[in-house]
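Biologist: Please take a close look at the largest pocket of this predicted model and at the helices around it. I should like one connected account.

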Amino acid sequence: MDETQWDIQEVKYLKKMQLVQGNLAMLLLFVPFGYLAENGKPLLLFGAFCVLSWIIVAITLYTLKTGRPIGTKTSRRVRVFDRNRLGEKRWKRRKITEIVFISVISVFLTGFIFVMDFDTVRLDFPIDAFPFIGAWIGYNIGEIIRMNNL
């Protein structure tokens, strides 16, 4: 499909739906991670982040290799729109950059799990939640700005 065949209002609606789905997913992740942080299980918390980051790397790599996005119907349609809008070459460059960036983070998280002494790590949950909440707010602001720029 060409970019001219897409209804921009429909794409904005799909992006809003994707934003709601992303917020629900973050909320569903925040609850168990908050529980692990509150109950003093830093090894499980870092392990969960590590597994989650490697899953994201695998999904992104699969999407790059096959060209088929994984996710809900809404997110697949938005990704197809973004791919058509960006063009094949720019889309591939962005996916490769995304894979490299997330892979580096995943390698560091995995390294921390094997090197760090988790018996001495102390988590202060209310204060440790601020970076997550900041990322959540930044994600929402970024998505709203991208929706308005369509």
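Modeller: In this predicted model, residues 43–64 are 100% helix and 0% strand, and the C-alpha atoms at the two ends of the span lie 31 Å apart. Residues 99–116 are 94% helix, again with 0% strand, and here the end C-alpha atoms are separated by 25 Å. Both spans carry the annotation "transmembrane region" in an unreviewed UniProt entry, which assigns that term to residues 20–37 as well.

The largest pocket holds about 2000 Å³ of space. Its lining comprises 39 residues, of which Gln18, Arg79, Glu98, Tyr139 and Glu143 come closest to the centre of the pocket. Two or more lining residues come from each of helix H1 (8–38), helix H2 (42–66), helix H3 (73–86), helix H4 (88–115) and helix H5 (125–148). Sorted by class, the lining consists of 19 nonpolar residues, ten polar residues and ten charged residues.

Two of these contributing helices, H1 and H3, also pack against each other. Two packed helices are described by the angle between their axes and the distance between those axes. For H1 and H3 the angle is about 130 degrees and the axes are 9 Å apart. An angle between 115 and 145 degrees counts as oblique, and H1 and H3 are therefore oblique to each other. The crossing of H1 and H3 is left-handed.

How values were computed
Residues are numbered from 1 along each chain as its sequence is written. This is a predicted model: local features need pLDDT of at least 70, side-chain atom pairs count only at pLDDT 80 or more; totals for chains, interfaces and linings use all residues. Side-chain values use heavy atoms; hydrogens and water are left out. UniProt positions are given in the numbering used here, feature names are shortened, and annotations may be inferred rather than shown by experiment. Helices (H or I, at least four residues) and strands (E, at least two) are DSSP runs, numbered from the N terminus. On a 1 Å grid over the protein atoms alone, a cavity is a set of points where a 1.4 Å probe fits but cannot get out, and a pocket is an open set with protein on both sides within 12 Å along at least five of seven lines; lining residues have an atom within 4 Å of a point. Grid points are joined across faces, edges and corners, and a volume is the space filled by probe spheres set on the points. Ala, Val, Leu, Ile, Met, Phe, Trp, Tyr, Cys and Pro count as nonpolar, Asp, Glu, Lys and Arg as charged, and the others, Gly among them, as polar. Axes are lines fitted to C-alpha atoms, for helices over the stretch in contact, and angles run from 0 to 180 degrees between N-to-C directions. Angles under 35 degrees count as roughly parallel, over 145 as roughly antiparallel, 65 to 115 as roughly perpendicular and the rest as oblique. A crossing is left-handed if the near helix is turned anticlockwise from the far one by less than a right angle, and right-handed if clockwise.
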